[in-house]
Amino acid sequence: MSDAMINSEDNLMVITTHARAKTDIRHIHEFLGCHTSERWLNLACEHLPLLLQDHANCEKKAAGTAMNLIFRYEFHRTLQERLAQLVREEMLHYEQVLSLMKERGIDWHYLPAGRYAKGLLKHKRTHEPAAMVDVLIIGAFIEARSCERFGALADVIEDEKLARYYKYLLKSESRHYEDYLMLARSITDDSIDERVAFFRDVERELIQSPDDELRFHSGTPSDTLMANGIPPITTQSKDQPAKVS
């Protein structure tokens with residue numbers, strides 16, 4: 001996407017060089033069952049190249065998930081409209097994260113997914129419209145957790161440009177979680193509160209329990225992970241062209 005096609009408020013250079021007031025995300029904290037642990041934040045700050053790679057993967061997967069829903073549920077006009085906007089925004093974010101990686105000389109690597117999304121999706125019901133309701137609720141929790149972690153990281157990382165970028169993401173990510181919840185409520189006459197509460201408990205367990213991997217949505221780093229460490233993501237020297245493919 002060319003710079004001319006991007007609104008000035010979404011231009012990466014503008015985002016990362018201008019101070020930005022932090023979006024109020026107290027409603028996100030109220031929706032989620034827990035806050036990110038200090039242990040995860042400390043480890044994440046030490047491995048920002050890995051986190052950026054996984055962040056890029058998350059943006060791409062979010063766009064892909066929304067596109068799949070658009071094709072699967074073509075009868076639902078509101079879903080088509082809201083998720084079309086979400087796909088555009090997620091792909092813009094994907095391109096922006098690729099640019100941030102390139103700017104920092106971070107090579108593109110295959111990074112397998114962590115346990116988080118699978119841990120939520122394994123509880124999805126299989127009959128419709130219950131399956132659709134569950135997928136949308138899960139999408140809400142993934143977007144909400146992303147928002148919470150962007151906010152937490154923005155307060156502690158030393159990379160000022162990246163911190164500004166994470167603050168920029170708070171507005172859209174908080175809206176995405178609300179869109180997913182709205183869509184879940186719109187496709188059923190039944191209350192979704194019980195399922196939201198159920199997935200809140202599942203999500204909290206995934207975030208608070210020990211995790212042997214570091215990912216953007218991973219749980220509390222396990223003693224094994226802390227003891228063994230994490231192999232570094234390759235970065236290039238400034239006089240070498242960065243590889244982004």
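Colleague: Is H176 buried or exposed?
Modeller: In this predicted model, H176 counts as buried, because its relative accessibility is 1%, and a residue is called buried when that value is under 20%.

Colleague: Where is H176 found?
Modeller: H176 is found in helix α8, which covers residues 160–186.

Colleague: And which residues is H176 in contact with, leaving aside its neighbours within four places in sequence?
Modeller: With those neighbours set aside, H176 is in contact with L86, E89, E90 and E143.

Colleague: Which side chain does H176 join in a polar contact?
Modeller: The side chain of H176 is joined to that of E90 by a polar contact of 3.4 Å, and E90 also appears in the list of contacts of H176.

Colleague: Changing topic, how many salt bridges does a search of the whole structure find?
Modeller: The search, run over the whole structure, finds 16 salt bridges. Side chains of opposite charge can pair when their charged atoms come close.

Colleague: What does D223 meet in a salt bridge?
Modeller: The side chain of D223 meets that of R39, with 2.9 Å from N to O. This pair links distant parts of the chain, since D223 lies in helix α10 (residues 223–228) and R39 in helix α3 (residues 38–46), 184 residues apart.

Colleague: And is D223 buried or exposed?
Modeller: D223 is exposed, its relative accessible area being 57%, whereas R39 counts as partly exposed at 31% relative accessibility.

Colleague: OK, what about R115, which residue does it form a salt bridge with?
Modeller: R115 forms a salt bridge with D211, and the closest N and O atoms are 3.2 Å apart. Here too the pair links distant parts of the chain, with R115 in the loop between α5 (77–103) and α6 (116–121), D211 in strand β1 (residues 210–211), and the two positions 96 residues apart.

Colleague: Is D211 buried or exposed?
Modeller: D211 is buried, with a relative accessible area of 6%, while its partner R115 is partly exposed at 29%.

Colleague: Which residue does E213 meet in a salt bridge?
Modeller: The side chain of E213 meets that of R215 in a salt bridge, at 3.5 Å from N to O. In this pair E213 counts as partly exposed, at 31% relative accessibility, but R215 is buried, with a relative accessible area of 8%.

Colleague: Last one, which residues are linked with R104 in a network of salt bridges?
Modeller: R104 is linked with E103 and D159 in such a network.

Conventions:
Residues numbered from 1 in each chain as written. Predicted model: local features only at pLDDT ≥ 70, side-chain atom pairs only at ≥ 80, totals over all residues. Heavy atoms only, no water. Salt bridge = Lys/Arg side-chain N within 4 Å of Asp/Glu carboxyl O. Helix = DSSP H or I, 4+ residues; strand = E, 2+ residues; numbered from the N terminus. Buried < 20%, exposed > 50% of the residue type's maximum accessible area, 1.4 Å probe, protein only. Polar contact = N/O pair within 3.5 Å; in protein donor to acceptor, adjacent residues only side chain to side chain. Contact = heavy atoms within 4.5 Å.
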